Amino acid sequence: MKLRSKEWFARKGKDGFIYRAWMKNQGIPADMFEGKPVIGICNTWSELTPCNAHLRDLAEAVKKGVLEAGGFPLEFPVMSLGETLMKPTAMLFRNLASMDVEESIRANPMDGVVLLVGCDKTTPSLVMGACSVDLPSIVVSGGAMLTGKFRGKDIGTSDVWRFADDSKKGLISEEEMNMAEAGMCRSIGHCAVMGTASTMAGMVESLGITLPGNAAIPAADSRRKVLARMSGRRIVEMIKENLKLSDVLKREAFENAIKVNAAIGGSTNFAIHLMAIAGRIGVDLNLEDFDHYSKDIPLVANLQPSGQYFMEDLYYAGGIPAVMNSIKGSLNADILTVSGKTVAENIQDQESLNDDVISTKDNPFNPISGIVVLKGNLCENGAVLKPSAATPELMKHTGKAVVFENIEDYKNRIDSDDLDVDANSVLVLKNVGPKGYPGMPEVGNMGIPKKLLDMGVTDMVRISDGRMSGTGFGTVVLHVSPESAVGGTLALVQNGDLIELDVEARKLNLLLDDAELESRRQNLKVEGNPYTRGYCKLYVDHVEQAHLGADLDFLKGGSGSEVLRDSH
């Protein structure tokens with residue numbers, strides 16, 4: 001094997017002495033430095049990232065596999081992004097974490113990397129960073145938590161939105177809310193529904209950069225550790241084969257991921273993360289591809305929030321391999337994956353074990369799936385909508401805009417008795433895009449105004465330049481580009497303006513003539529970057545728009561694994 005780590009550990013003289021001697025203070029025997037491939041275990045463990053708080057344990061399973069295969073495992077931390085606690089939004093720091101990953105891998109004596117991920121942004125950030133270095137790499141997800149329980153019913157994160165609405169309406173007491181809270185997150189792992197974390201786990205498996213079955217094994221199931229251990233063994237073999245991310249992440253793999261995401265009812269966040277990964281590995285992917293490659297794929301996985309069941313159920317029904325088998329005729333099945341086998345070989349004979357959870361393409365759970373890409377004068381560069389989580393009657397709708405200028409304006413007025421709103425209104429939230437917030441938070445699924453909830457309204461058309469949690473649902477238009485903070489048409493919308501949504505025609509328009517739009521644009525003041533230092537300044541100065549993946553413009557592509565300057 002041609003080992004990159006030899007540039008450190010096989011050196012003679014002073015340099016080699018320093019590299020080896022200081023490592024030996026951890027009790028490492030001398031023979032570990034003698035021709036063994038060094039495997040970096042990139043860990044996003046953190047007690048501030050509850051979804052990933054078990055990854056230390058999972059790392060130990062990976063280490064055992066690496067050692068069994070003749071490798072030398074070394075675990076290292078990188079910035080961890082906890083969706084539930086981080087302010088203003090974990091998405092602000094996805095690109096920063098990717099820089100941490102990239103530079104940590106390049107700077108250190110690694111021949112291959114195992115990426116330990118879980119919570120939403122930890123998966124794309126680690127994959128993005130690893131792509132920019134392009135060493136042999138394999139992903140191990142932390143797995144979803146066990147299904148929650150409340151009063152004899154199964155619950156998951158999607159129910160948070162339902163509980164919140166019921167609380168507004170006085171249908172659930174504070175004591176009952178506390179009981180639901182205690183019963184929902186009852187094991188280690190990330191959200192139990194097909195939220196963004198599970199979507200990301202499905203993404204990396206369908207891209208072919210995990211071992212088959214990775215996405216759906218529950219975090220608490222011992223088979224999760226078995227998969228981690230087998231991944232540790234496999235990364236050593238990948239180094240022997242010189243199988244890098246660029247050998248697996250071809251255009252065809254991205255097409256497969258889009259199709260599988262449609263089949264499982266994955267999060268709209270999938271689009272923004274997959275495009276960022278494509279930008280790092282050099283694959284030409286655009287927003288329209290998400291509509292094009294998902295349009296003929298039905299929803300075959302009956303999972304919340306688009307369906308009924310949970311990730312635990314998906315695993316027992318056969319997991320992502322069974323989903324991929326159900327749509328195998330639509331997949332690029334002859335491409336290579338990190339298992340060393342093709343997609344076809346990975347999913348062969350992986351039939352669904354429960355037709356209520358994983359149906360067939362010919363008899364799907366829902367013929368409507370995927371991510372719809374809208375265009376029009378309100379979103380010249382595109383916007384997205386998840387039709388499987390929307391209300392069919394609202395898919396073609398014209399209504400008067402009720403405008404919130406920013407998130408504070410929304411929170412102050414949404415439940416006011418004085419809010420001029422009815423069931424036909426279109427809620428519009430501005431200045432929550434990549435630059436405007438900054439970081440593009442998951443606030444696009446605005447709550448229904450209390451006065452309408454009391455009337456029995458359960459859904460409305462909602463439009464913003466922000467994102468939505470993958471656990472959310474409703475007729476929600478997201479990722480409007482250009483965003484309002486850079487002078488997009490969304491910034492021009494005023495209360496009472498008519499907005500037309502036509503999902504079938506893929507249109508979203510503000511019903512004003514060009515002269516009125518131009519007049520408003522002339523009077524629009526676009527604020528500059530309010531940040532004068534630090535990462536927020538860097539981010540606002542360089543973040544790209546949502547339709548490009550919201551990466552920093554100078555991070556696209558990669559710099560390889562070569563260290564340009566030496567030390568000692």
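These legends describe close-up views of a predicted model. Local features need pLDDT of at least 70 and side-chain atom pairs count only at pLDDT 80 or more, while totals for chains, interfaces and linings use all residues. Residues are numbered from 1 along each chain as its sequence is written, and side-chain values use heavy atoms, with hydrogens and water left out.

**View 1. The N-terminal domain feature, residues 36-346.** UniProt (unreviewed entry) names this span "domain: Dihydroxy-acid/6-phosphogluconate dehydratase N-terminal"; such annotations may be inferred rather than shown by experiment. The span is 48% helix and 9% strand, where helices (H or I, at least four residues) and strands (E, at least two) are DSSP runs numbered from the N terminus. Its end C-alpha atoms are 29 Å apart.

**View 2. Helix H4, residues 94-107.** The end C-alpha atoms of H4 are 20 Å apart, which agrees with the 20 Å expected for 14 residues at 1.5 Å a residue (1.5 Å times one less than the number of residues). Buried residues (under 20% relative accessible area, 1.4 Å probe, protein chains only) of H4 include Arg94, Glu102 and Arg106.

**View 3. Packing of helix H11 (residues 251-264) with helix H15 (residues 319-326).** The helix axes, lines fitted to C-alpha atoms over the stretch in contact, are 10 Å apart at an angle of about 100°. H11 and H15 are therefore roughly perpendicular (65 to 115 degrees, on a scale from 0 to 180 between N-to-C directions). Val260, Ala263 and Ile264 of H11 meet Ile320, Val323 and Met324 of H15, with contact meaning heavy atoms within 4.5 Å.

**View 4. The C-terminal domain feature, residues 356-550.** UniProt (unreviewed entry) names this span "domain: Dihydroxy-acid/6-phosphogluconate dehydratase C-terminal". The span is 15% helix and 23% strand, with end C-alpha atoms 37 Å apart.

Methods: Buried means under 20% relative accessible area, exposed over 50%, partly exposed in between (1.4 Å probe, protein chains only). Angles under 35 degrees count as roughly parallel, over 145 as roughly antiparallel, 65 to 115 as roughly perpendicular and the rest as oblique.
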